[in-house]
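Visitor: I would like to learn how to read a model like this one. Could you take me through it feature by feature?

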Amino acid sequence: MGSVSSTVARYRFVSSAVLDIDMGNTRTKWRFGNAAGHLPSPQLPKLDSKPGRVRVATVLRNRDAVAQTVGERFGLEAEFASTSATLAGVRCGYRDPARLGVDRWLALVAAWHLTDGAVAVIGAGTAATVDFVHADGRHEGGHIAPGLGLMRNALNHTADVRPEYAAEAVATPGNDTEGAVSSGTLVMLLGFVEAAVGAFAERCPTPPDVVLTGGDAELLCAHLTVSARHEPHLVLDGLAIALP
């Protein structure tokens with residue numbers, strides 16, 4: 001756990017009575033007790049039993065629609081997380097905290113509580129994000145770049161291709177256009193992450209932990225040269241901290 005005062009508790013992320021929802025631009029991840037899954041956004045899961053609470057983190061401008069669906073389906077009032085200036089020992093590095101996406105905020109707070117010091121938090125989704133949190137809970141800010149899908153789509157007009165990247169793509173240059181786009185975009189994303197993490201490590205007195213989340217996190221973990229851990233439910237873990 002990060003360096004915190006004695007007033008900050010250790011958090012239990014999973015509650016069997018709570019439905020947690022992380023609604024991103026492309027996918028909606030959810031967790032209910034030991035069950036978890038994902039759906040195309042903005043769909044919500046159908047459950048076998050009724051939750052006692054519904055906690056939501058959404059980057060879409062659809063709170064009213066989500067609240068209406070939650071009320072109709074579960075008879076509950078949805079609880080929405082928002083970015084704040086401070087949370088559980090972490091201080092937001094944005095000049096205007098409201099401008100930081102709630103998914104990034106929850107992920108970086110949860111990652112800091114999972115580690116023992118400074119941490120670089122990688123979000124590998126529609127956008128690729130890197131956020132930096134020092135051991136004392138100070139969030140520096142971060143970087144945003146296109147994710148793999150956006151980079152590949154940007155090249156569609158050059159050869160009318162829709163490349164599918166594979167785990168081995170980064171190791172071997174492509175011998176056709178699809179393979180070259182696949183490997184090239186993956187190399188670009190790996191370079192972005194490793195450059196950002198390396199610069200942060202130079203600013204830290206001890207090597208930072210690296211935590212990845214998002215749809216492409218497992219792929220990146222397989223190829224990064226820095227030691228990293230994959231936490232697929234990091235935003236959901238942050239919901240438990242923001243809305244205990």
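Guide: We will go through sheets, helices, a ring pair, backbone details and a pocket. Keep in mind that this is a predicted model.

Visitor: Let's begin with sheets. What is the strand order in the open sheet that contains S1?

Guide: Read a sheet from one side to the other. Here five strands run S3-S2-S1-S4-S5, and the pairing is mixed. Strand S3 (35-40) and strand S5 (79-80) are the edges, each pairing on one side only.

Visitor: How do S2 and S3 run, parallel or antiparallel?

Guide: Antiparallel, with six bridges between S2 and S3. For a single pair to look up, take Lys29, whose bridge partner in S3 is His38.

Visitor: Which helix packs on that sheet?

Guide: Helix H1 (residues 63-74) does. H1 touches strand S1 (18-23), strand S4 (53-58) and S5. The direction of H1 makes about 160° with that of S4.

Visitor: Now the sheet that contains S8. What is its order?

Guide: The order is S10-S9-S8-S11-S12, an open sheet of five strands with mixed pairing. Its edge strands are strand S10 (139-146) and strand S12 (229-230).

Visitor: How many bridges join S8 to S11?

Guide: Five, and strand S8 (residues 119-124) runs parallel to strand S11 (residues 209-213). Val121 has Val211 as its bridge partner in S11. Compare S9 and S10: seven bridges join these antiparallel strands. S9 and S10 also form a hairpin, with five residues between them. In the turn, Gly137 has a positive phi of about 90°.

Visitor: Which strands does helix H5 lie across?

Guide: Helix H5 (residues 177-203) lies across S8, strand S9 (127-133), S10 and S11. H5 runs at about 10° to S9.

Visitor: How do I describe an aromatic pair?

Guide: Two numbers describe a pair of aromatic rings: the distance of the centres and the angle of the planes. The count in this model is one aromatic pair. The rings of Phe132 and Phe200 have centres 4.8 Å apart and planes at 35°, so this pair is tilted.

Visitor: Why does the pair tie together parts that are 68 residues apart in sequence?

Guide: Because Phe132 lies in strand S9 and Phe200 in helix H5. Phe132 also has a place in the sheet, where this residue stands opposite Gly141 in S10.

Visitor: Which backbone details should I check in the loops?

Guide: Look at omega and phi. A cis peptide bond joins Ser41 and Pro42, with omega about 5°. Pro42 is in the loop between S3 and S4. Ala88 has a positive phi near 50°, and Ala88 is not a glycine. The loop that holds Ala88 lies between strand S6 (86-87) and strand S7 (90-91).

Visitor: How is empty space found?

Guide: Rolling a probe the size of a water molecule over the atoms shows where empty space is left. In this model, the largest pocket holds about 1200 Å³ of space.

Visitor: Which residues lie nearest the centre of the largest pocket?

Guide: Gly24, Asn25, Val59, Asp103 and Arg104, out of 39 lining residues. By class, the lining has 15 nonpolar, 14 polar and ten charged residues.

Visitor: Which elements each supply at least two residues of the lining of the largest pocket?

Guide: Strand S2 (27-32), helix H2 (102-114), S8 and S9. You have met S2 in the sheet ordered S3-S2-S1-S4-S5. S8 and S9 belong to the sheet ordered S10-S9-S8-S11-S12.

Definitions and conventions: Residues numbered from 1 in each chain as written. Predicted model: local features only at pLDDT ≥ 70, side-chain atom pairs only at ≥ 80, totals over all residues. Heavy atoms only, no water. Pairing = 2+ DSSP bridges. Helix = DSSP H or I, 4+ residues; strand = E, 2+ residues; numbered from the N terminus. Contact = heavy atoms within 4.5 Å. Axes fitted to C-alpha atoms, helices over the stretch in contact; angles between N-to-C directions. 1 Å grid on protein atoms, 1.4 Å probe; cavity = no way out; pocket = protein on both sides within 12 Å on 5 of 7 lines; lining within 4 Å. Points joined across faces, edges and corners; volume = space filled by probe spheres on them. Nonpolar A, V, L, I, M, F, W, Y, C, P; charged D, E, K, R; others polar. Phe/Tyr/Trp six-rings, centres within 6.5 Å; stacked < 30°, edge-to-face > 60°.
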